[in-house]
Every structure is written in C-alpha cells, then in structure tokens.
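Got your viewer open and a selection box ready? Let's take a walk through this one, a stop at a time.

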Amino acid sequence: MTNAFEQIIENLRIKHEAFKASNIMHPAEPLQYDCPLCEDREIVLIEQEDGSVSARNCQCKARKIQKRMFKASGLTEEQALMTIDDYNVSLETKKMYQMTKDYLCGQSWREGKGFALVGSVGVGKTMLAQIIASAIMRDFKSVIFIPTTSLMAELLAAQFSNDKSEFEQRIERLINADVVIFDDVGKEKPTEWVQNQYFRIIDGRYNQRKTTGYTSNYEFGKLAERFSEFGDAIISRIIAMTRDYQVSVKAQDYRLR
Ligand SMILES: Nc1ncnc2c1ncn2[C@@H]1O[C@H](COP(=O)(O)OP(=O)(O)O)[C@@H](O)[C@H]1O
Ligand SMILES: [Mg+2]
Ligand SMILES: [Zn+2]
C-alpha cells in the first residue's frame with residue numbers, strides 16, 4: 001500500500017518537474033490511459049479456462065482511490081508532498097514538532113484522537129497540520145482540511161441561501177468524514193447563527209468520536225470568549241477531542257527570521 005502512495009508522489013514530482021522545466025504548449029497527444037492494464041476502468045476482466053469471465057479490481061485501483069482522496073482533501077499537490085522532515089525545528093518550536101512527531105508515529109488518528117496546535121503567528125501550525133493531513137491520507141483515510149475563512153464564508157453563504165439542502169449535505173460531510181482538520185479556529189468572529197452551525201459540526205464529531213484536529217492563534221480560554229454564545233460548549237468539546245495532543249508555543253514568525 002505504501003508503494004502505491006510512493007508511486008503517486010513520484011508521479012506528482014515528475015509532473016511538477018516537467019511543468020517547471022517548460023511552459024511551452026505541447027501539441028495534442030493521442031489519447032493515453034493512466035493505466036493501460038484496465039484502460040482506467042479500474043476493473044480487469046479475466047477469462048477462465050471454462051470460458052466464463054470474472055472481474056477483479058485492477059492493481060491501479062488503490063492508487064486511484066488515494067489520488068481522489070488527495071484531491072478532495074483541500075490540500076494542494078505541494079502541500080501533500082510535505083513531510084515532518086521539511087519542518088525546521090528551533091528551541092521554541094521543539095515542543096510542537098515533537099508532539100506532531102509523536103502523533104504521527106503513534107498513528108493516533110486511528111483511535112479517533114485529535115490534536116490542537118496553538119501558538120503565535122508563523123510558527124508553522126498550518127504547515128504541521130497539513131503534514132499530519134498528508135500522513136493520514138497515506139494511511140488510506142480521507143481527510144478534510146478546512147481553513148476557517150473558507151468554512152465561515154461557506155456557512156455565511158448558506159445562511160442567506162434559499163436552498164438549504166446543499167448546505168445540509170456539506171454539514172453532514174463535515175460531521176461524518178473520518179478526519180477533519182480545522183485550520184486557524186477563531187480567526188473570524190462568527191455570528192450566533194454561524195456559531196450554532198459550527199457547534200453542530202463539532203458536537204456531531206465529538207459524539208461519534210471522530211478524529212478532529214485544530215490549529216489556532218488563540219488559547220482555549222480566549223477562543224471560548226470569541227465564540228461567545230456557544231463558546232464553552234464548543235471549546236469543551238475541542239479540549240476533550242484533543243486531550244492527548246495539545247501544545248501551545250510562542251515563537252518568532254518563521255517568515256521574519
Ligand atoms: N519550522 C518551519 N520550517 C519550515 N517552514 C516553516 C516553519 N514554520 C513555518 N514555516 C513556513 O512559514 C510559513 C508560515 O507558516 P504557517 O504554517 O502558515 O504558520 P502558522 O499557521 O503558525 O501561522 C509557511 O510558508 C510555512 O511553510
Ligand atoms: Mg496558520
Ligand atoms: Zn488499472
């Protein structure tokens with residue numbers, strides 16, 4: 001299974017290199033399949049000796065499922081390529097780095113355990129959360145990585161939309177996905193209606209013991225204040241879901257070093 005992932009990564013790398021090497025348009029090429037074995041049907045037919053035909057999944061299927069997972073995750077290709085080795089550790093960020101490493105080594109997402117990376121701006125919280133997301137997908141679990149600004153925009157748009165069904169589906173997906181990582185929680189001060197929807201998602205995940213990760217610039221107490229009406233209800237669940245992996249760091253912005 002790991003090999004399948006490595007294959008994807010290798011293909012991405014080759015694609016990336018090719019893209020970097022030239023921006024020239026190529027003439028249309030004859031139709032080619034990603035997998036000549038099954039012509040991208042993901043199923044191969046096998047003729048038995050007695051003439052009957054049976055079907056089995058092609059060897060490319062696992063790889064393609066994983067590829068779709070990466071696409072649906074919200075991570076760019078570049079972000080999906082990052083690993084913990086890309087993170088440069090300093091004295092101040094060592095604690096956060098080590099905790100992330102422990103989380104990855106213990107494959108704690110398998111037990112429904114979440115994580116909370118709290119700290120000042122530019123210490124690599126988002127980067128580490130993306131590294132975790134990518135590692136989880138290598139474990140063949142689907143992940144939704146969602147920046148707070150996108151989530152709030154979605155929720156706000158839904159609030160003023162007449163057709164609520166699409167929105168309800170989105171909420172259901174956020175509640176039921178194997179793993180969801182909320183990036184930059186508290187960045188925007190939400191309206192009461194938005195808080196209510198946010199609470200529905202968090203509460204749904206909490207009740208089902210779904211793996212949920214968070215990053216935030218705000219300590220839990222401050223965060224509860226920002227979510228005024230639903231603050232305690234939301235934050236108490238976040239704390240419970242991330243109990244074994246919570247870290248808070250203050251360090252210089254990596255970009256200003
Ligand atoms: N320790 C680090 N090693 C390598 N790159 C880092 C590190 N910390 C931050 N960066 C980079 O600096 C930028 C800001 O990091 P980011 O993860 O967005 O910080 P935060 O989410 O904590 O505000 C990103 O481009 C990130 O890749
Ligand atoms: Mg961030
Ligand atoms: Zn195939």
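Here is a short tour with three stops, on a model that is predicted.

**Stop 1: the ligand.** Select ligand 1 and show the residues around it. There are 14 of them, and Gly124, Lys125, Thr126, Met127 and Tyr254 come nearest. Now colour that shell by residue type: you should get five nonpolar, seven polar and two charged residues. Which helix gives the most to the shell? Select residues 125-138: this is helix H5, and three residues of the shell come from it.

**Stop 2: the sheet.** Switch to cartoon and look for the open sheet of five strands. Reading across, the order is S4-S5-S6-S3-S7, and the pairing is parallel. Strand S4 (143-147) and strand S7 (246-249) are the edges; each has a single partner strand, so one side of each has no neighbour in the sheet. On average, neighbouring strands here are turned by 10° against each other, ignoring direction. As a reminder, strands of a sheet pair through backbone hydrogen bonds. Zoom in on strand S3 (residues 115-119), which pairs with S7 in the parallel sense over four bridges. Pick Leu117 and look across: Val247 in S7 stands opposite.

**Stop 3: a loop.** Select Gln208, in the loop that runs between helix H8 (192-207) and strand S6 (211-216). Is Gln208 buried or exposed? Gln208 is exposed, because just 11 other C-beta atoms lie within 10 Å, and the cut-off for exposed is 12 or fewer. Finally, draw a distance from the C-alpha of Gln208 to that of Ile175: the two are 33 residues apart along the chain, and the separation is 8.7 Å.

Methods
Residues numbered from 1 in each chain as written. Chains lettered and ligands numbered in written order. Predicted model: local features only at pLDDT ≥ 70, side-chain atom pairs only at ≥ 80, totals over all residues. Near = placed C-beta within 6 Å. Helix = DSSP H or I, 4+ residues; strand = E, 2+ residues; numbered from the N terminus. Nonpolar A, V, L, I, M, F, W, Y, C, P; charged D, E, K, R; others polar. Buried ≥ 20, exposed ≤ 12 C-beta atoms within 10 Å, placed from the backbone. Pairing = 2+ DSSP bridges. Axes fitted to C-alpha atoms, helices over the stretch in contact; angles between N-to-C directions.
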